[in-house]
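Me: I'm new to reading protein models and would love a close look at a single part of this one. Could you walk me through it step by step?

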Amino acid sequence: MTDNQFLQQAILLATENVNAGGRPFGAVVVYDGSVVATGVNQMLERNDPTAHAELLALRQAGEVLGKVRLDDCVVYASGQPCPMCLAAMRMAGISRIVYAYSNQDAEPFGLSTASIAQALSIEPEQQTGLQFVQLKPENEPQSALYSQWWALHH
């Protein structure tokens with residue numbers, strides 16, 4: 001299948017989700033030329049602000065492929081991935097993302113995440129409307145939790 005065909009599948013998922021009362025976002029994860037996972041936005045249905053189409057598809061892809069590194073996968077999304085989804089894809093090793101509708105296309109409908117992306121480009125301590133406080137545990141050696149993990153897994 002081609003990029004256009006995979007992207008059309010993501011758009012079809014989004015359309016079906018709208019018809020079912022959901023938000024207009026669908027995603028498809030492709031591995032070795034085949035669809036291994038799909039997702040639609042289920043924020044409202046699950047009362048879960050993280051239930052974005054891309055994240056649900058990534059979770060399913062990890063389960064299907066039995067791994068957390070998805071370097072060799074491509075994500076197709078109906079809309080431009082939000083910063084949360086983009087970060088998750090980067091953390092999973094995704095290096096190719098194809099999407100149909102941009103934040104500019106979504107803006108008139110209140111669906112753009114451009115303002116969040118802009119806010120996140122500023123250091124957290126300097127962001128307006130966010131308290132970002134580091135409070136280290138008392139009476140604990142520096143980075144004890146991370147040291148424990150390192151000792152057990154390396």
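Which residues does Ser78 touch, not counting residues up to four places away in sequence?

Reply: Happy to help! Keep in mind that this is a predicted model. Let's start with where your residue sits. Ser78 belongs to strand β3, which covers residues 73-79. Leaving aside residues up to four places away in sequence, Ser78 touches Ala10, Ile11, Ala14, Pro24, Phe25, Gly26, Ala100 and Tyr101. Is Ser78 buried or exposed? The relative accessible area of Ser78 is 4%, so this residue counts as buried, since the cut-off for buried is under 20%.

Now let's move along the chain to a pair of helices. Helix α3 spans residues 53-65 and helix α4 spans residues 83-92; their axes come within 9 Å and cross at roughly 25°. Because angles under 35 degrees count as roughly parallel, α3 is roughly parallel to α4. The crossing in which α3 passes α4 is left-handed. On the α3 side, the contact is made by Glu54, Leu55 and Leu58, while α4 brings Met84, Cys85, Ala88 and Met89. Sorted by type, the residues of this contact are six nonpolar and one charged, with no polar ones.

Finally, here is the wider setting. The unreviewed UniProt entry places a feature called "domain: CMP/dCMP-type deaminase" at residues 1-114. Over residues 1-114, helix makes up 43% of the chain and strand 22%, and the end C-alpha atoms lie 31 Å apart. To find your residue again in the viewer, look for Ser78 in strand β3.

Technical notes
Residues are numbered from 1 along each chain as its sequence is written. This is a predicted model: local features need pLDDT of at least 70, side-chain atom pairs count only at pLDDT 80 or more; totals for chains, interfaces and linings use all residues. Side-chain values use heavy atoms; hydrogens and water are left out. Axes are lines fitted to C-alpha atoms, for helices over the stretch in contact, and angles run from 0 to 180 degrees between N-to-C directions. Helices (H or I, at least four residues) and strands (E, at least two) are DSSP runs, numbered from the N terminus. Angles under 35 degrees count as roughly parallel, over 145 as roughly antiparallel, 65 to 115 as roughly perpendicular and the rest as oblique. A crossing is left-handed if the near helix is turned anticlockwise from the far one by less than a right angle, and right-handed if clockwise. Contact means heavy atoms within 4.5 Å. Ala, Val, Leu, Ile, Met, Phe, Trp, Tyr, Cys and Pro count as nonpolar, Asp, Glu, Lys and Arg as charged, and the others, Gly among them, as polar. Buried means under 20% relative accessible area, exposed over 50%, partly exposed in between (1.4 Å probe, protein chains only). UniProt positions are given in the numbering used here, feature names are shortened, and annotations may be inferred rather than shown by experiment.
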